[in-house]
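Work through the following exercises with the coordinates at hand. Each task is followed by a solution in steps.

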Amino acid sequence: MKRIGVIEIGANSVTLTLNEVEEDGYFRQIDELTTSIRLCQDLIDGTELSSEKLNITLSNLRAFKSMCQVSGAKKIIAVATETFRTASNSDELLNLIKNELDIDITILDVDKEIYYNFLGVVNTIYFKNSLIVDIEGTATHLAWVKDGEIEKHYSIPAGTLNLTSEYNLKDRILREDLEAAKSTINDLIHECTWLKNSSFDSIIAVGGTIKALGRMDRIRKRYPFDIEHNYTLTDIDVHEIYNLLKCKSLKQRKQVPGLPFERADIIVAGLCIFHNILSYTSTSNVITSARGLRDGIIYEYLQDNYDYEKNMLVFSIKGIMNKLNINKNHAKHVYEISQNIFEDLKPIHRLDDSYRRILITSALLHDCGISIDYYNHHKHSFYVILNSSINGLSQKELLMSAAIAACHRNNQYHIPFPQYTSIINRIDIKAIEYIGSILKIAEGLDRSLEGTVSDIHATIDNETVKLEVKSQLDLELEIRQAMRSARSFKEIYNRDLVIEKVN
């Protein structure tokens with residue numbers, strides 16, 4: 001295991017993330033610190049970074065390096081965004097950092113920034129055809145991604161800082177200033193020739209503006225948990241929040257729940273850009289991504305140094321299993337039994353293959369709560385899964401996986417579904433009951449932890465579901481344990497459960 005620090009010097013802020021990388025390439029973030037210094041504010045009206053900004057940057061980087069050293073990070077990857085190329089004294093900053101702190105800073109070009117954002121998103125969210133939007137301080141990057149590849153990309157020379165400054169969007173906003181800003185944005189968007197004629201399933205947005213947008217939306221909707229990554233909202237949600245903020249003064253915006261204090265002065269500019277892109281592309285589905293440039297840097301590092309699992313969901317699950325010391329053989333066997341039963345019972349549960357991601361997650365991680373405590377570990381499994389960074393799952397799939405895992409024991413535990421009605425509906429709850437019942441049976445059939453069941457087949461009639469299990473060993477204990485779920489199975493499937501060993 002090694003620890004790696006990634007430092008990003010952006011136009012708005014300087015950010016450090018500390019990452020712990022395991023031997024199989026699985027990594028998790030163990031710390032993050034962001035300071036808003038508006039380093040590129042000087043470049044809006046001039047060409048030189050002020051000595052004050054240089055000193056503030058150096059001070060922050062000194063603290064970041066100290067954090068890395070104390071945390072045991074032997075490697076630091078430091079980058080600056082493309083905006084710094086326009087600073088006449090950028091070399092002075094780089095030399096200062098090198099001489100004072102012995103940190104080499106790589107200034108990224110636009111193509112590399114877009115590529116790192118692409119890596120951060122494509123390795124953590126399943127999608128087929130989407131537009132990735134990254135709104136920075138002085139630029140907005142667009143990347144059309146289809147079937148896992150960048151089809152086209154473009155950079156608009158407008159971001160939160162320069163748009164705010166040029167059109168007086170910091171405090172109380174005049175209508176004519178906002179209209180002028182919108183006109184400029186639309187003119188710049190029109191210059192991206194491929195954008196108008198392209199159709200996207202969704203827009204996946206990264207960056208501070210989008211994180212703030214998502215958090216404000218979750219708070220106003222009383223969303224049951226605060227998870228930034230893979231949160232979905234609509235163009236109407238964006239429109240409503242944008243209209244709310246553009247009518248407020250800076251002081252009033254600072255009081256809006258969910259809007260970070262340090263972003264209140266530039267949020268209208270950021271949302272103006274994003275709102276216009278949504279309107280121009282006629283895209284209604286928005287996904288917020290908490291994974292971006294810094295995550296992309298780590299994934300590039302993994303590609304160069306590790307032979308890691310490329311399936312993002314399996315990669316996440318395996319990493320969690322290793323970290324929590326889960327009994328892998330038992331988890332795998334429970335999953336295999338669950339998968340076989342799920343397939344055989346399709347005629348009566350009528351769940352398609354879109355539920356397989358939920359099935360594999362809940363089955364392989366059903367015992368993860370034991371890392372907290374064995375007693376009531378099914379309850380612990382619920383919130384461990386719900387609060388784990390599992391890539392490839394939507395937030396609905398994450399909740400359903402957690403709920404199914406919590407159902408794997410034969411007891412009277414009830415998931416508090418009413419508080420999650422903004423995420424799941426009656427159909428989802430029924431699916432949870434169907435798969436949860438299957439998981440109960442699978443857990444019982446491997447209760448001895450020996451992997452004794454070699455095969456299983458289900459036959460269905462109007463009154464009964466018969467499971468025929470094969471094994472070289474005696475299955476009395478396993479069948480007895482699995483049959484404890486017969487009553488709940490009857491309630492859910494409206495059929496009697498019969499389990500028999502066959503040769």
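**Exercise 1.** In which helix is the place of Asp217? Determine also whether Asp217 is buried or exposed, and list its contacts.

*Solution.* The structure is a predicted model, where local features need pLDDT of at least 70, side-chain atom pairs count only at pLDDT 80 or more, and totals for chains, interfaces and linings use all residues. Residues are numbered from 1 along each chain as its sequence is written, and side-chain values use heavy atoms, with hydrogens and water left out.

Step 1. Asp217 belongs to helix 7, residues 208–220. Helices (H or I, at least four residues) and strands (E, at least two) are DSSP runs, numbered from the N terminus.

Step 2. Asp217 has a relative accessible area of 0% and is therefore buried. The classes are buried under 20% relative accessible area, exposed over 50%, and partly exposed in between (1.4 Å probe, protein chains only).

Step 3. With neighbours within four places in sequence left aside, Asp217 is in contact with Tyr231, Leu233, Asp237 and Ile241. Contact means heavy atoms within 4.5 Å.

**Exercise 2.** Describe the sheet that contains strand 10, and place helix 8 against it.

*Solution.* Step 1. The sheet is open, with six strands in the order 8-7-6-9-11-10 and mixed pairing. Two strands pair if DSSP finds at least two bridges between them.

Step 2. At the edges are strand 8 (149–156) and strand 10 (231–234), each of which pairs on one side only. From one strand to the next, the twist averages 25 degrees. Axes are lines fitted to C-alpha atoms, for helices over the stretch in contact, and angles run from 0 to 180 degrees between N-to-C directions.

Step 3. Strand 10 and strand 11 (residues 285–288) run antiparallel and are joined by four bridges. Leu233 has Val286 in strand 11 as its bridge partner. Leu233 is also one of the contacts of Asp217.

Step 4. Helix 8 (residues 235–246) lies across strand 10 and strand 11, at about 75 degrees to strand 10.

**Exercise 3.** Why is one side of strand 12 and of strand 14 left without a neighbour in the sheet?

*Solution.* Step 1. The sheet is open and has three strands in the order 12-13-14, with mixed pairing.

Step 2. Strand 12 (455–460) and strand 14 (496–502) stand at the edges with a single partner strand each, so each has one side without a neighbour in the sheet. The twist here averages 20 degrees from one strand to the next.

Step 3. Strand 13 (residues 464–470) runs parallel to strand 14, and seven bridges join them. Lys470 has Val502 in strand 14 as its bridge partner.

Step 4. Helix 13 (residues 328–344) lies across strand 12 and strand 13, running at about 20 degrees to strand 12.

**Exercise 4.** How many disulfides does the structure hold? Check Cys247 and Cys407.

*Solution.* Step 1. The structure holds zero disulfides, a disulfide being a pair of cysteine sulfur atoms within 2.5 Å.

Step 2. For Cys247, the closest cysteine sulfur is in Cys272 at 13 Å, too far for a bond. Cys247 counts as exposed because its relative accessibility is 59%.

Step 3. For Cys407, the closest cysteine sulfur is in Cys368, at 13 Å, again too far for a bond. Cys407 counts as buried, at 16% relative accessibility.
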